[in-house]
Amino acid sequence: VEGTDYTVGVRIHDNLNRIVTQKIISIAGIRPTIEFYLTDPLYGIRNSLSTRSNLIKGGDSLSILAEPFNIPDPEFINLEYTWMVNNKIVGEISNQRDLLFRTEEGSIGTHSINLFYSNKTNILSRGRGEMLIYVQK
């Protein structure tokens with residue numbers, strides 16, 4: 001289970017079923033995360049630099065790609081995505097990992113971008129990622 005810590009042990013027995021040695025270790029689980037990357041028509045995905053915030057000018061747009069990490073491979077194909085901008089669902093891009101964020105000319109302010117994911121076949125497998133976009137004149 002994602003994000004769960006495990007304790008694993010092994011015992012070595014001799015021919016008389018006596019324990020010769022044993023070892024117990026703990027394995028820390030890794031929680032799933034969503035990383036956000038900027039995409040550019042000329043350069044493509046800027047995958048060398050993930051971002052949690054960005055600054056743009058009013059009237060500009062920003063293309064964002066979300067990449068889930070630490071999710072088991074068999075579950076990856078069953079993920080559904082829901083984007084929210086300023087706590088409002090952006091319905092026309094549901095179930096996609098990319099978002100084109102546009103601003104109006106002269107607008108300013110801070111915008112919250114959230115991406116929620118859930119597994120269609122396992123309701124316990126879900127999470128979210130968030131980034132902020134600061135718009136200035």
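In this predicted model, buried residues account for 30% of the 137 residues in the protein. The accessible surface amounts to about 9500 Å², and carbon and sulfur atoms contribute 52% of that area.

The secondary structure consists of 1 helix and 11 strands. Following the sequence from its start, the elements come in the order β-β-β-β-β-β-α-β-β-β-β-β. The radius of gyration is 22 Å, well over the 14 Å that the globule rule gives for 137 residues, so the protein is more spread out than a compact globule. The dimensions of the C-alpha trace can be set beside this value: along the principal axes, the trace spans about 80 × 30 × 25 Å.

Contacts across the sequence come next. Of the contacts between residues at least 6 apart in sequence, 60% join residues at least 24 apart. As for charge, the protein carries 14 positive and 15 negative charges, and the mean positions of these two sets are 6 Å apart.

Four residues give a more local view, and histidine 111 is a good place to begin. Histidine 111 belongs to strand β10, which covers residues 109-119. The relative accessible area of histidine 111 is 18%, and the cut-off for burial is under 20%, so this residue counts as buried. Its side chain forms a polar contact of 2.9 Å with the side chain of asparagine 86. Asn86 also appears among the residues in contact with histidine 111 once neighbours within four places in sequence are set aside; the others in that set are Phe101, Met131, Leu132, Ile133 and Val135.

Arginine 97 sits in a loop, the one that runs between β8 (88-89) and β9 (98-102). With a relative accessible area of 26%, arginine 97 is partly exposed. The side chain of arginine 97 is joined to that of glutamate 67 by a polar contact of 2.7 Å. When neighbours within four places in sequence are left aside, the contacts of arginine 97 are Ile64, Leu65, Ala66, Glu67, Pro68, Tyr81 and Trp83. Serine 112 lies 15 residues from arginine 97 along the chain, and the C-alpha atoms of the two are separated by 16 Å.

Glutamate 35 is part of strand β3, residues 33-40. A polar contact of 3.0 Å links its side chain with the side chain of serine 50. Not counting residues up to four places away in sequence, glutamate 35 touches Ser50, together with Arg52, Leu65, Ala66, Glu67 and Phe69. Leu65, Ala66 and Glu67 are thus in contact with glutamate 35 and are likewise in contact with arginine 97. Within this group, Glu67 is also the partner of arginine 97 in the 2.7 Å side-chain polar contact.

Threonine 4 takes the description back towards the start of the chain, in the segment before β1 (6-13). Its relative accessibility of 30% places threonine 4 in the partly exposed class. Beyond residues up to four places away in sequence, threonine 4 touches Ile27, Ala28 and Gly29. Asparagine 78 is 74 residues from threonine 4 in sequence, with a C-alpha to C-alpha distance of 20 Å in space.

Definitions and conventions
Residues numbered from 1 in each chain as written. Predicted model: local features only at pLDDT ≥ 70, side-chain atom pairs only at ≥ 80, totals over all residues. Heavy atoms only, no water. Helix = DSSP H or I, 4+ residues; strand = E, 2+ residues; numbered from the N terminus. Rg over C-alpha atoms; globule rule 2.2 N^0.38 Å. Buried < 20%, exposed > 50% of the residue type's maximum accessible area, 1.4 Å probe, protein only. Contact = heavy atoms within 4.5 Å. Areas by Shrake-Rupley, 256 points an atom, 1.4 Å probe, with all protein chains shown as cover. Lys, Arg positive; Asp, Glu negative; His and termini not counted. Charge placed at Lys NZ, Arg CZ, Asp CG, Glu CD. Polar contact = N/O pair within 3.5 Å; in protein donor to acceptor, adjacent residues only side chain to side chain.
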